[in-house]
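Work through the following exercises with the sequence and the structure side by side. Each task is followed by a solution that goes step by step.

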Amino acid sequence: MNNQYIRREVFCCETCDELKSFWEKEISKQTCYRELEETRQGRSALRKLREEWKQRLEKRLRMLDNPDEKEKQLNPTD
């Protein structure tokens, strides 16, 4: 189970400062996890691969939409 979905319960706190510091720590942990995940995704090659496949598919669709242009490229003497 992912750590961010674990329920945390605060049973009692003596002062508001303890409660405030608890939540500040939790927020900073979540911020750190989010930044690490963004960094990991930024280093991933998946985004680049998706972009390459998107370009290939767009090129293929253009070729299928305009078959005359492909024939002109193959036979430039016409």
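**Exercise 1.** How many disulfides does the structure hold?

*Solution.* The model is a predicted one, and the criterion to apply is a pair of cysteine sulfur atoms within 2.5 Å. With that cut-off, the structure holds zero disulfides. The surroundings of two cysteines can then be read from their accessibility: Cys16 has a relative accessible area of 66% and is exposed, while Cys32, at 38%, counts as partly exposed.

**Exercise 2.** Find the salt bridges, taking as the criterion a side-chain nitrogen of Lys or Arg within 4 Å of a carboxyl oxygen of Asp or Glu, and state how many there are.

*Solution.* Step one is to list the pairs with the distance between their closest N and O atoms. Glu26 pairs with Lys29 at 3.6 Å, Glu38 pairs with Arg34 at 3.3 Å, and Glu37 pairs with Arg40 at 2.6 Å. Step two is to compare these values with the cut-off of 4 Å, and the count by this rule comes to three salt bridges.

**Exercise 3.** For each salt bridge, work out how far apart the two partners are along the helix that holds them.

*Solution.* Begin with Glu26 and Lys29, which both lie in helix α1, a helix that covers residues 16-43; they are three residues apart, and this corresponds to about one turn of the helix. Continue with Glu37 and Arg40, which are separated by about one helical turn because they are three residues apart in helix α1. Finish with Glu38 and Arg34, for which the spacing in helix α1 is four residues, so that about one helical turn again lies between them.

**Exercise 4.** Is Glu26 buried or exposed, and how do the other salt-bridge residues compare with the cut-offs?

*Solution.* The reasoning needs two limits, since buried means under 20% relative accessible area and exposed means over 50%, with partly exposed in between. Glu26 has a relative accessibility of 10% and therefore counts as buried, whereas its partner Lys29, at 37%, counts as partly exposed. In the pair of Glu38 and Arg34, the glutamate has a relative accessible area of 47% and is partly exposed, and Arg34, with 45%, is partly exposed as well. In the remaining pair, Glu37 is partly exposed with a relative accessible area of 33%, and Arg40 counts as partly exposed at 44%.

Note on methods. Residues numbered from 1 in each chain as written. Predicted model: local features only at pLDDT ≥ 70, side-chain atom pairs only at ≥ 80, totals over all residues. Heavy atoms only, no water. Helix = DSSP H or I, 4+ residues; strand = E, 2+ residues; numbered from the N terminus. Buried < 20%, exposed > 50% of the residue type's maximum accessible area, 1.4 Å probe, protein only.
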